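Student: Could you walk me through this structure and explain the words people use for it?
Tutor: Gladly, let us look together.

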Amino acid sequence: MAGKPARTPAYNVVVVGQSGRLGYEAVLFAASLRHHSPDFKGRLLVAEPQPGPLWPSDPRLKPDVRSALEELGAEIVPFHSAHFGADYPYGNKIEMLTALPEGEPFVFFDTDTLITGDLASVPFDFERPSASLRRTGTWPKPELYGPGYAGIWKSLYDKFGLDFASSMDLSEPDEYWARYLYFNAGYFFYKCPRVFGDRFREYALAIRDDTPVELCCQEMTPWLDQIALPLVIHSLGGGRDVLPVGLLDGTVSCHYRMLPLLYAREADRVIETLEEIATPNKLKKVLKGYDPIKRMVYQGRGEKVRALFDQDNLPRREQAIRNRIKSEGFWMR
């Protein structure tokens, strides 16, 4: 008899939510998940940094944002910042992992993401971690007389005793950024957040505090999480192309990053999702507390941004899109 196809185990979805932009984005994320994946069986966790010496002001969610998230079925999970905090807020996605349920598979998403399809259609293999491949060659930037891409990345693999050769995509040319394992940290997943988080923290702190000499001319901020991430994934047996192409960062999710960019370049269904989930009056009252959402979504500025561009013939460089939006006075974040 033919065996039954393997079923994806139940898993948790997690985002980081805190005061300001991330809290309001978390509400949009939660609403989009409930809208497009009503049968999602896992838990939606919102990791919330707590006040402490690394935060000059209280980073916790505003009360109305917290209430909106809880009404959407989210569970607030507090965590404490021991190593990063306000000086490197991207470190939240590293430090929050050890506050999540041990041994339970998880998928992390940046809050500036919308779920646009059924998350249950994504065949996660939680034994093999991976992350977003919607990225460009943002890091490293080799210097004229310094080591190239291979020398820089190899120094990191050597630092942690990892096999560098097996991480490369040999279909890409030598010294081209895409040959070397590199992800956007907009989503990542694994079978245990504690194991992943311990490794992520260990590698990130070692890179920050004991930087290989080959990286002496390289910027660490804001790229530290994305420098450590491929090393973590490779060390745990994962890699690129673990998931089928076209689901996450495709039909099922959209990492829009900023609302003006969403309106300028994303597909119509993404905008339809955003505007539909933002319609209920109870959410509208909360979301209007964040000026970019109020102006872009509710006051029609997003439509004006979209009208500036031919979505079938967008500028190749994101900076050109940003510059056009800014020149028209519509840039907000």
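Tutor: What follows is a set of questions about packed helices, buried residues and backbone angles.

Tutor: This is a predicted model, in which local features need pLDDT of at least 70, side-chain atom pairs count only at pLDDT 80 or more, and totals for chains, interfaces and linings use all residues. Residues are numbered from 1 along each chain as its sequence is written, and side-chain values use heavy atoms, with hydrogens and water left out.

Student: What makes Asn92 count as buried?
Tutor: Buried means under 20% relative accessible area, exposed means over 50%, and partly exposed is in between, with a 1.4 Å probe and protein chains only. Asn92 has 3% relative accessibility, so Asn92 counts as buried. This residue sits in helix α3 (residues 92-95); helices are DSSP runs (H or I) of at least four residues and strands are runs (E) of at least two, numbered from the N terminus.

Student: Which residues does Asn92 touch?
Tutor: Leaving aside residues up to four places away in sequence, Asn92 touches Val16, Gln18, Pro49, Trp55, Phe79 and Ser81. Contact here means heavy atoms within 4.5 Å.

Student: Why are α1 and α2 called roughly parallel?
Tutor: Two packed helices are described by the angle between their axes and the distance between the axes. Axes are lines fitted to C-alpha atoms, for helices over the stretch in contact, and angles run from 0 to 180 degrees between N-to-C directions. Angles under 35 degrees count as roughly parallel, over 145 as roughly antiparallel, 65 to 115 as roughly perpendicular and the rest as oblique. α1 and helix α2 (residues 63-71) pack at about 15°, with axes 10 Å apart, and therefore α1 and α2 are roughly parallel to each other.

Student: Which residues of α1 and α2 meet?
Tutor: Gly23, Tyr24, Ala26, Val27 and Ala30 of α1 meet Val65, Ala68 and Leu69 of α2. By class, these divide into 7 nonpolar, 1 polar and no charged. Ala, Val, Leu, Ile, Met, Phe, Trp, Tyr, Cys and Pro count as nonpolar, Asp, Glu, Lys and Arg as charged, and the others, Gly among them, as polar.

Student: Why are α5 and α6 called oblique?
Tutor: The axes of helix α5 (residues 193-209) and helix α6 (residues 224-235) come within 9 Å and cross at roughly 130°. That angle falls outside the ranges for the other names, and α5 and α6 are therefore oblique to each other. Among the residues making the contact are Phe196, Phe200 and Tyr203 of α5 and Leu224, Ile227 and Leu231 of α6. The contact has 12 nonpolar, 1 polar and 3 charged residues.

Student: What makes α4 oblique to α6?
Tutor: α4 and α6 pack at an angle of about 55°, with their axes 11 Å apart. That makes α4 oblique to α6. Trp153, Leu156 and Tyr157 of α4 meet Gln226, Ile227, Pro230, Leu231 and His234 of α6.

Student: Which residues of α4 are buried, and what covers them?
Tutor: In helix α4 (residues 149-159), the buried residues are Tyr149, Ile152, Trp153, Ser155, Leu156 and Tyr157. Their cover includes α5 and α6.

Student: How do you know that the buried residues of α11 line one face?
Tutor: The buried residues of helix α11 (residues 291-298) are Pro292, Ile293, Met296 and Val297. Seen down the axis of α11, they fall within an arc of 90°, so they line one face of the helix; the arc is that of the directions from the helix axis to the C-beta atoms. They pack against α1 (21-36), α8 (259-265), α9 (268-277), α10 (281-287) and α12 (301-306).

Student: What is the phi of Asp241, and is this residue buried or exposed?
Tutor: Asp241 has a positive phi, near 60°, in a residue other than glycine. Most residues other than glycine have a negative phi, and most peptide bonds are trans. With a relative accessible area of 53%, Asp241 is exposed. Asp249 also has a positive phi, about 60°, but at 23% Asp249 is partly exposed.

Student: Where are the cis peptide bonds you would point out?
Tutor: One joins Trp139 and Pro140, with omega about -5°, and Pro140 is in the loop between β6 (130-132) and α4. Another joins Thr221 and Pro222, with omega about 10°; Pro222 lies in the loop between α5 and α6.
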